[in-house]
Amino acid sequence: MKSLQALFGGTFDPVHYGHLKPVETLANLIGLSRVIVMPNNVPPHRPQPEATSAQRKTMLELAIADKPLFILDERELQHDTPSYTAQTLKAWREEQGPDVPLAFIIGQDSLLTFPTWHDYETILDNTHLIVCRRPGYPLEMAQEQHQHWLDQHLTNTPDDLHQLPAGKIYLAETPWFNISATIIRERLENGESCDDLMPRAVLDYINQHGLYR
């Protein structure tokens with residue numbers, strides 16, 4: 001049986017423990033041997049990142065250098081146009097073939113806005129969704145039709161993620177860290193310490209290049 005592969009996307013502007021630690025816990029919970037980290041270049045739903053693509057890529061490389069769980073995928077950094085998750089996951093499925101179990105990792109906040117994503121209804125044709133739970137967010141979708149969609153695909157069994165190639169949504173009980181890239185950028189701008197929020201090598205890089213000042 002082919003082992004489950006998981007993709008974890010984001011702007012990572014900058015990467016921090018709130019990105020890394022929940023996914024490390026998730027890997028132990030459901031038996032992931034590899035997580036592919038995929039920074040995007042032009043996010044469709046948010047402002048353009050402050051750090052350049054090259055800087056964000058370097059910070060990710062520094063953050064995962066001593067973490068064999070993670071591997072970097074640069075495909076979306078090659079695009080100067082908005083990267084739509086549905087298109088990326090379709091291309092990934094075509095590369096991997098029809099039978100390999102594939103999953104896409106998102107936060108609970110993203111699940112709640114998922115129906116607004118470009119071609120969202122095609123995503124489960126190509127991958128599972130693994131949702132990292134976050135306190136303070138509701139467990140129900142805003143519209144009944146979207147709740148029905150969620151209920152249809154929900155599984156409580158991680159084995160389904162390993163045994164089926166795509167089509168399931170799993171809500172994972174991962175720890176939540178009250179860290180965001182916005183908080184980090186504000187603290188850096190104000191000259192406040194971020195030692196507890198991100199790997200030391202990433203913070204050193206930020207300081208050396210005067211980022212987020």
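This passage describes the central sheet, selected helices and several individual residues of a predicted model.

The sheet is open and consists of seven strands in the order E3-E2-E1-E4-E5-E7-E6, with parallel pairing. Strand E3 (70–72) and strand E6 (154–155) occupy the edges; each has a single partner strand, so one side of each is left without a neighbour in the sheet. In general, the strands of a sheet are paired through backbone hydrogen bonds, in either the parallel or the antiparallel sense.

Within this sheet, strand E1 has partners on both sides in the strand order. The pairing of E1 with E2 is parallel and extends over five bridges, while that of E1 with E4, also parallel, extends over four bridges. Leu7 takes part in both pairings: its bridge partner in E2 is Ile36, and its bridge partner in E4 is Phe104. Further along the strand order, strand E5 (residues 128–132) pairs with strand E7 (residues 169–172) in the parallel sense, over four bridges. Here Ile130 has Tyr170 of E7 as its bridge partner.

Two helices can be placed relative to these strands. Helix H1 (residues 17–30) forms a right-handed β-α-β unit together with E1 and E2. Helix H3 (residues 85–96) lies across strand E1 (5–10), strand E2 (35–39) and strand E4 (102–107). The angle between H3 and E4 is about 155°.

The loop between E1 and H1 contains both Phe12 and Pro14. Most residues other than glycine have a negative phi, and most peptide bonds are trans. Phe12 departs from the first of these patterns, with a positive phi near 50°. Phe12 is also buried, because its relative accessibility is 2% and the cut-off for burial is under 20%. The peptide bond between Asp13 and Pro14 is cis, with omega at about 5°.

A positive phi is also found at Asp119, where the value is about 50° although the residue is not a glycine. Asp119 is situated in the loop between helix H4 (108–113) and helix H5 (120–126). With a relative accessibility of 36%, Asp119 counts as partly exposed.

Tyr120 belongs to helix H5. Its relative accessible area is 14%, and Tyr120 is therefore buried. Apart from neighbours within four places in sequence, Tyr120 is in contact with Phe114, Pro115, His146 and Trp149. Tyr120 is separated from Phe177 by 57 residues in sequence and by 27 Å in space, from C-alpha to C-alpha.

The loop between H5 and E5 includes Thr127. Thr127 has a relative accessibility of 0% and so counts as buried. Residues up to four places away in sequence aside, Thr127 touches Leu89, Trp92, Leu102, Ala103, Phe104, Pro165, Ala166 and Gly167. One of these contacts, Phe104, is the E4 residue that serves as bridge partner of Leu7.

Ser53 is part of helix H2 (residues 53–64). Its relative accessibility is 19%, and Ser53 counts as buried because the cut-off is under 20%. The side chains of Ser53 and Asn41 are joined by a polar contact of 2.4 Å. When residues up to four places away in sequence are not counted, Ser53 touches Asn41 and Leu77.

In helix H8 (residues 181–189), the buried residues are Ala181, Ile184, Arg185 and Leu188. Viewed down the axis of H8, these residues fall within an arc of 95°, so they line one face of the helix. An α-helix has 3.6 residues a turn, so residues three or four places apart point the same way. The buried residues of H8 pack against helix H9 (200–209). H8 is followed by Gly191, which has a positive phi near 70°.

Terms used. Residues are numbered from 1 along each chain as its sequence is written. This is a predicted model: local features need pLDDT of at least 70, side-chain atom pairs count only at pLDDT 80 or more; totals for chains, interfaces and linings use all residues. Side-chain values use heavy atoms; hydrogens and water are left out. Buried means under 20% relative accessible area, exposed over 50%, partly exposed in between (1.4 Å probe, protein chains only). A polar contact is a pair of N or O atoms within 3.5 Å; within protein, one must be able to donate a hydrogen and the other to accept it, and residues adjacent in sequence count only if both atoms are side-chain atoms. Contact means heavy atoms within 4.5 Å. Two strands pair if DSSP finds at least two bridges between them. Axes are lines fitted to C-alpha atoms, for helices over the stretch in contact, and angles run from 0 to 180 degrees between N-to-C directions. A crossover is right-handed if, with the strands pointing away from the viewer, the path from the first strand over the helix to the second runs clockwise. The arc is that of the directions from the helix axis to the C-beta atoms.
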